[in-house]
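Please look at the sequence and the structure shown here before reading on. The report that follows treats the cysteines and then one pair of packed helices.

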Amino acid sequence: MGKTNHEHFLQWDLLTLSAAIKRKELSPVEVTQQLLQRIDAINAKLNAYITVFYEDALQAAVQTEKEIAVGHWKGPLHGIPIALKDVIYTKNARTTMGSEIYKDFIPDYDAGVVEKLKQAGAIIIGKLNTHQFAYGSTGDRSYFGAVKNPYDLTKITGGSSSGSGAAVAAALCYGALGTDTGGSIRIPATCCGIVGMKPTFGRVSKYGVYPLSWTMDHVGPMTRTVLDNAVLLNVLSGYDERDPYSERTKDEDFTRLIGQSIQGTVIGVPSSYYYDNLDPEVDSKVRNAVEIFKSLGARVRVIDVTNLETIFMAQRLTLSSEAFAVHKDTLEKFPEQYDREVKERLLRAERIKAHEYVLAQQQRHKAKHAFLRALSDVDVIVTPTLPILPPNIEQREIKMKDNTEPVLSTLVRLTSPTNFNGFPSLSIPCGFSESGLPIGLQLIGRPWDEANLYRFAYAFEREASLPNLI
């Protein structure tokens with residue numbers, strides 16, 4: 001494979017690049033070299049990467065080029081640089097959890113999702129910054145410093161998959177993996193103007209992923225386009241006996257409904273909670289998105305999703321309890337090496353009583369039934385992903401109409417319910433504020449119905465024709 005004049009290939013989406021590599025018009029080595037140069041030039045401003053795998057990535061690129069040259073093409077990820085949130089273990093490569101405690105930690109095995117990426121021929125380009133221990137929705141509490149939003153360096157990227165959001169948006173990788181416990185894929189996807197999927201709980205293995213909440217952690221893809229996202233989920237999904245929460249499901253092609261008309265379908269718009277107390281610009285763009293779905297032939301039905309405030313509080317109590325259980329011993333050994341805000345959040349959970357946790361778990365069944373009832377007469381639920389625009393880095397309160405609310409809880413208010421019940425939820429860009437900040441749209445579906453979410457998301461993406469790169 002020789003040099004090419006495709007000077008703009010770093011701005012391409014994953015599948016456009018994949019097609020050029022398959023046709024041998026582009027060399028994985030050239031792509032990797034140019035991408036590493038771009039990371040060197042831009043990462044200092046954004047702080048998206050903690051570790052960049054210069055030598056290993058180039059070695060992998062050389063190997064993939066040899067394989068493709070002799071016709072051993074493994075699929076659409078072959079030769080594609082992908083980055084990982086730094087709570088996902090990588091064999092013989094630093095995995096920090098955004099913390100001082102693990103700043104030099106070298107796992108001796110790969111996470112299940114990393115194994116899958118490597119088997120598919122992907123090039124692991126590096127590890128991405130994260131809110132410390134993935135416990136925060138802002139992305140500005142890492143031992144390695146805050147991640148900055150590519151659209152405005154004074155704003156948060158959202159967390160906890162903060163580096164993943166920034167790196168994809170700024171073309172510092174062709175796709176990234178994040179984790180989502182209260183919205184940590186969808187929040188940075190929204191803040192950074194990209195596509196982020198929280199799959200059905202149990203769809204993607206968590207083996208080798210540092211836990212935050214055993215019963216609510218999800219791993220998922222973050223990409224520039226809807227189709228890229230579906231292709232990446234194709235590789236990531238599947239049963240893994242090493243993950244006790246992994247579910248056996250049939251093999252699926254998540255791209256199978258993409259391009260199908262949504263004429264005659266029904267979208268559900270909740271009557272309350274999701275559309276309460278929104279920033280006016282968010283409200284306007286999301287309602288405009290609903291009109292776009294109507295223009296494509298979908299009917300709109302106002303629906304009632306019951307007990308959402310109770311579900312939200314049960315999710316928060318569950319998260320607090322399980323996160324403290326994960327960190328109890330480490331907190332006792334290394335209290336000074338935790339970020340103050342993260343440590344305070346963890347320690348507050350000491351006061352939670354056993355019966356409170358048990359009662360919260362009873363709400364989980366109610367949360368599943370509430371959403372199944374709401375989805376019984378509609379194909380998809382459409383909501384804002386975030387009620388607000390990305391706040392400033394370090395900002396911890398925000399004015400909402402007549403009230404001042406905590407930023408941390410406001411950011412997760414619309415994403416947390418489906419972490420609690422495990423339903424698939426996809427965030428896609430739906431416009432920009434007057435100041436140029438991205439706004440996101442959340443699509444919620446039935447369990448194991450990710451392909452249908454991609455169908456609606458792709459139809460909207462194609463009709464709205466929003467830019468997917470800065």
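## Cysteines and a helix pair

Cys 173 is buried, with a relative accessible area of 0%, where buried means under 20%, exposed over 50% and partly exposed in between, for a 1.4 Å probe and protein chains only. This is a predicted model, in which local features need pLDDT of at least 70 and side-chain atom pairs count only at pLDDT 80 or more, while totals for chains, interfaces and linings use all residues. Residues are numbered from 1 along each chain as its sequence is written, and side-chain values use heavy atoms, leaving out hydrogens and water.

The structure holds zero disulfides, a disulfide being a pair of cysteine sulfur atoms within 2.5 Å. The table lists two cysteines with the nearest cysteine sulfur to each.

| Cysteine | Nearest cysteine sulfur | Distance |
|---|---|---|
| Cys 173 | Cys 192 | 11 Å |
| Cys 191 | Cys 192 | 6.3 Å |

For Cys 191, that distance is too far for a bond, and Cys 191 is buried with a relative accessible area of 0%.

Helix H9 (residues 308–333) and helix H10 (residues 340–348), which are DSSP runs of H or I with at least four residues, numbered from the N terminus, pack at an angle of about 115 degrees with their axes 9 Å apart. The axes are lines fitted to C-alpha atoms over the stretch in contact, and angles run from 0 to 180 degrees between N-to-C directions. H9 and H10 are therefore roughly perpendicular to each other, a term for angles of 65 to 115 degrees. Their contact (heavy atoms within 4.5 Å) is made by Ala 323, Phe 324, His 327 and Leu 331 of H9 together with Lys 343, Leu 346 and Leu 347 of H10.

How values were computed:
Helices (H or I, at least four residues) and strands (E, at least two) are DSSP runs, numbered from the N terminus. Angles under 35 degrees count as roughly parallel, over 145 as roughly antiparallel, 65 to 115 as roughly perpendicular and the rest as oblique.
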